[in-house]
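Visitor: I'm new to this one. Could you show it to me and explain the words as we go?

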Amino acid sequence: MLPKFTSRPQGGGTAPVGERAVFAAVVYVLTSGCAWRFLPESFGVSPATAHRRFTAWTEAGLWRRMHRAVLDELGARGELDWTSAIVDAASVRAKKKGGSLTGPNPVDRGKKGSKLHVLSEAQGLPLAVAVSGANLHDSQAFKPLILGLAAALTCYKRLARFTT
């Protein structure tokens, strides 16, 4: 699923690092909360390379495709618990001053912020994720999450027809 890395056409520089090592380093940073610059040398990947590859993968839509592939696999195995769904949201400060996904935060003196909305299945596995301005009421974000869930359900129904 990882986009192919192409070395520089003019040659030179350091030898390319294996995708598996870079992926492990990126996942470590994302799951541990470690700053890129403090990435342990034991990964064999420089912090700059890990961050550069993370940025390229993000722009290529890797994380969304990977999330969908995991949901597809778990759905095909019947390992998703559809007995209930949980919706939650968290507000975060906006790093930049503007943007369409920011708004005045009603609980942070009107400072710009965003709200992350997550719809999870009964075991806590995220099914759909959305971002909005911090001033959007949670009930207004519910519809896009459900629409995202509807797309996932359609996919699982198609898979069920092929696997039975």
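Visitor: How do you know whether W57 is buried or exposed?

Guide: Buried means under 20% relative accessible area, exposed means over 50%, and partly exposed is in between, using a 1.4 Å probe and protein chains only. W57 has a relative accessible area of 2%, so W57 is buried. Before we go on: this is a predicted model, where local features need pLDDT of at least 70, side-chain atom pairs count only at pLDDT 80 or more, and totals for chains, interfaces and linings use all residues. Residues are numbered from 1 along each chain as its sequence is written, and side-chain values use heavy atoms, with hydrogens and water left out.

Visitor: Where does W57 lie?

Guide: W57 lies in helix α2. Helices here are DSSP runs of H or I with at least four residues, strands are runs of E with at least two, and both are numbered from the N terminus. The protein chain has 4 helices and 4 strands, in the order α-α-α-β-β-β-β-α along the sequence. W57 and L2 are 55 residues apart in sequence, yet 7.3 Å apart in space, C-alpha to C-alpha.

Visitor: What makes E19 partly exposed?

Guide: E19 has 22% relative accessibility, so it counts as partly exposed. E19 lies in helix α1, and G18 is in the segment before α1. G18 is partly exposed too, because its relative accessible area is 41%. Over the whole protein chain of 164 residues, 24% count as buried.

Visitor: Which residues make up the largest nonpolar core?

Guide: A nonpolar core is a set of buried Ala, Val, Leu, Ile, Met, Phe, Trp, Tyr and Cys residues joined through side-chain atoms within 4.5 Å. The largest one has 11 residues: V22, A25, V26, V29, W36, L39, V45, A50, F54, W57 and L62. Helices α1 (19-32) and α2 (47-59) are the elements that give two or more residues to this core, and α1 gives the most, with 4 residues.

Visitor: How many residues does α3 have, and how does its reach compare with what is expected?

Guide: Helix α3 (residues 62-77) has 16 residues. The expected span is 1.5 Å times one less than the number of residues. That gives 22 Å, and α3 reaches 23 Å from its first C-alpha to its last, which is close. Its buried residues are L62, L71 and L74. They cover an arc of only 165° around the axis, so they sit on the same side of α3; the arc is that of the directions from the helix axis to the C-beta atoms. Just after α3, G78 takes a positive phi of about 75°.

Visitor: Why call something a pocket, and how much space lies in the largest one?

Guide: On a 1 Å grid over the protein atoms alone, a pocket is an open set of points where a 1.4 Å probe fits, with protein on both sides within 12 Å along at least five of seven lines. The largest pocket holds about 540 Å³ of space. Of the 18 residues that line it, the closest to its centre are R64, H67, L127, A128 and V129; a lining residue has an atom within 4 Å of a point. Helix α3 gives the most to this lining, with 7 residues.

Visitor: What kinds of residues are in that lining?

Guide: The lining divides into 14 nonpolar, 2 polar and 2 charged residues. Here Ala, Val, Leu, Ile, Met, Phe, Trp, Tyr, Cys and Pro count as nonpolar, Asp, Glu, Lys and Arg as charged, and the others, Gly among them, as polar.

Methods:
Points joined across faces, edges and corners; volume = space filled by probe spheres on them.
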